[in-house]
Amino acid sequence: MGLLSNKIDREVLKPGDHIYSWRNAYLYAHHGIYVGDEKVIHFTRGGGQEIGTGTVLDRFVFSSSPSHPSDSPCPKCGDQSRLDGVISSCIECFLSGGNLYLFEYDVSSALFLAKPRGGTCTLAKSDPPEDVLHRASFLLQNGFGGYHIFKNNCEDFAIYCKTGLLVITNISVGRSGQAASFLAATSAVVSSPLRFLTTSFSGLAVVGYGMYCASRLVSDIGVRRDVSKIPVEQLIAGSRRNESEVVADLAKEN
């Protein structure tokens with residue numbers, strides 16, 4: 001791996017690694033946890049509803065579910081093109097023809113900011129591989145809640161498996177560096193009052209990039225204050241309890 005690329009060879013993969021592969025001409029990356037034996041556990045939304053808006057946007061950010069022609073499914077995985085939630089796939093299906101990259105943990109602030117693209121590294125420290133594999137396997141059996149492009153996506157899943165950290169507020173973006181980068185870029189362009197301090201193109205570029213970097217850094221899971229380490233069993237128990245409360249409330253209304 002290098003400063004500008006986290007690309008690696010399959011031969012160096014270890015169980016518990018957080019890996020990703022770019023999709024749709026580097027528009028976004030799909031993330032997962034390598035569990036060994038050429039298998040990856042990952043979180044996805046299938047059937048052309050990756051961002052789930054029901055609009056034309058879904059055509060641009062297409063499904064991360066393994067895609068094969070219906071008449072020739074993967075001999076290892078079968079047809080997973082319509083699957084939702086946490087699934088296990090062979091590494092070929094996970095990569096979907098793309099290259100393999102390794103997500104980095106416990107990086108310095110300088111290295112984090114030197115990588116202009118979000119969703120490739122974090123300042124947070126990874127837990128031991130056995131903890132990572134336990135979380136991934138447990139969530140494969142019990143799910144990871146509903147998919148949300150900004151608050152609960154494939155990168156959020158992989159980061160939780162690696163760190164056990166969850167965002168405990170409902171007012172901000174999730175753990176995903178990709179989502180944070182998108183929102184940081186939007187904020188730098190349209191909402192920064194500093195853009196009025198200069199009128200030159202170069203000045204605007206410097207101010208905008210500075211705001212982008214600052215927003216990315218403060219949104220990283222490794223420095224945020226609104227996160228807490230939650231055991232995976234507690235996460236699932238809490239999710240089921242909330243679902244039961246919703247059902248109970250609906251029953252009372254009827």
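Buried means under 20% relative accessible area, exposed over 50%, and partly exposed in between, computed with a 1.4 Å probe on protein chains only. Keep that scale in mind on this tour.

The model is predicted, so local features need pLDDT of at least 70 and side-chain atom pairs count only at pLDDT 80 or more, while totals for chains, interfaces and linings use all residues. Residues are numbered from 1 along each chain as its sequence is written, and side-chain values use heavy atoms, with hydrogens and water left out.

**Stop 1: the strands**

Select residues 28-36, which form strand β2. Helices (H or I, at least four residues) and strands (E, at least two) are DSSP runs, numbered from the N terminus. Eight of the nine residues of β2 are buried, so this strand is largely enclosed by the rest of the structure.

Now add residues 18-23, strand β1, which pairs with β2 in the antiparallel sense over six bridges. Two strands pair if DSSP finds at least two bridges between them. Look for Ser21, which stands opposite His30 in β2. The hairpin of β1 and β2 has four residues between the strands, and Asn24 there takes a positive phi near 50°.

On to residues 39-44, strand β3, which runs antiparallel to β2 and is joined to it by four bridges. Here Ile33 faces a partner: Ile41 in β3 stands opposite. Two residues lie between β2 and β3 in their hairpin, and Asp37 in the turn has a positive phi of about 55°.

**Stop 2: charged pairs**

A salt bridge is a side-chain nitrogen of Lys or Arg within 4 Å of a carboxyl oxygen of Asp or Glu. By this rule the count comes to seven salt bridges.

Start with Glu38 and Arg10, whose closest N and O atoms are 3.7 Å apart. This pair links distant parts of the chain, with Glu38 in the loop between β2 and β3 and Arg10 in the segment before β1, 28 residues apart. Glu38 is partly exposed at 31% relative accessible area, and Arg10 is partly exposed at 33%.

Next, select Glu104 and Lys115, whose side chains meet in a salt bridge of 3.5 Å, N to O. Glu104 lies in the loop between β5 (101-102) and α3 (109-114), and Lys115 in the loop between α3 and α4, so the pair ties together parts eleven residues apart in sequence. Is Glu104 buried or exposed? Glu104 is buried, with a relative accessible area of 18%. Lys115 is buried too, with 4%.

Then try Arg135 and Asp127, which form a salt bridge of 2.7 Å, N to O. Arg135 is buried at 9% relative accessible area, and Asp127 counts as buried at 16%. Salt bridges that share partners also join Arg10, Glu38, Lys76 and Glu92 into one network.

**Stop 3: helix α4**

Arg135 leads straight to the next selection, since it is one of the buried residues of α4, along with Val132, Ala136 and Leu139. They cover an arc of only 95° around the axis, which puts them on the same side of α4; the arc is that of the directions from the helix axis to the C-beta atoms. Turn the view to the face away from that buried side, and you will find the exposed residues Glu130 and Gln141. Just past the helix, Gly143 has a positive phi near 85°.

**Stop 4: the nonpolar cores**

A nonpolar core is a set of buried Ala, Val, Leu, Ile, Met, Phe, Trp, Tyr and Cys residues joined through side-chain atoms within 4.5 Å. Which residues touch the most other members of the largest one? Of its 18 residues, they are Ile33, Leu139, Phe144, Phe157 and Cys161. The elements giving two or more residues to this core are β3, α4, α5 (154-163) and α8 (232-253). α5 gives the most, with five residues. Apart from this core lies another of twelve residues, among them Ala29, Tyr101, Tyr105 and Ile159.

**Last stop: cysteines**

How many disulfides does a search of the whole structure find? The search finds zero, where a disulfide is a pair of cysteine sulfur atoms within 2.5 Å. Select Cys77: its nearest cysteine sulfur, that of Cys90, is 3.5 Å away. For Cys90, the nearest cysteine sulfur is that of Cys93, 3.5 Å away. Cys77 counts as buried at 18% relative accessibility, and Cys90 is buried with a relative accessible area of 1%.
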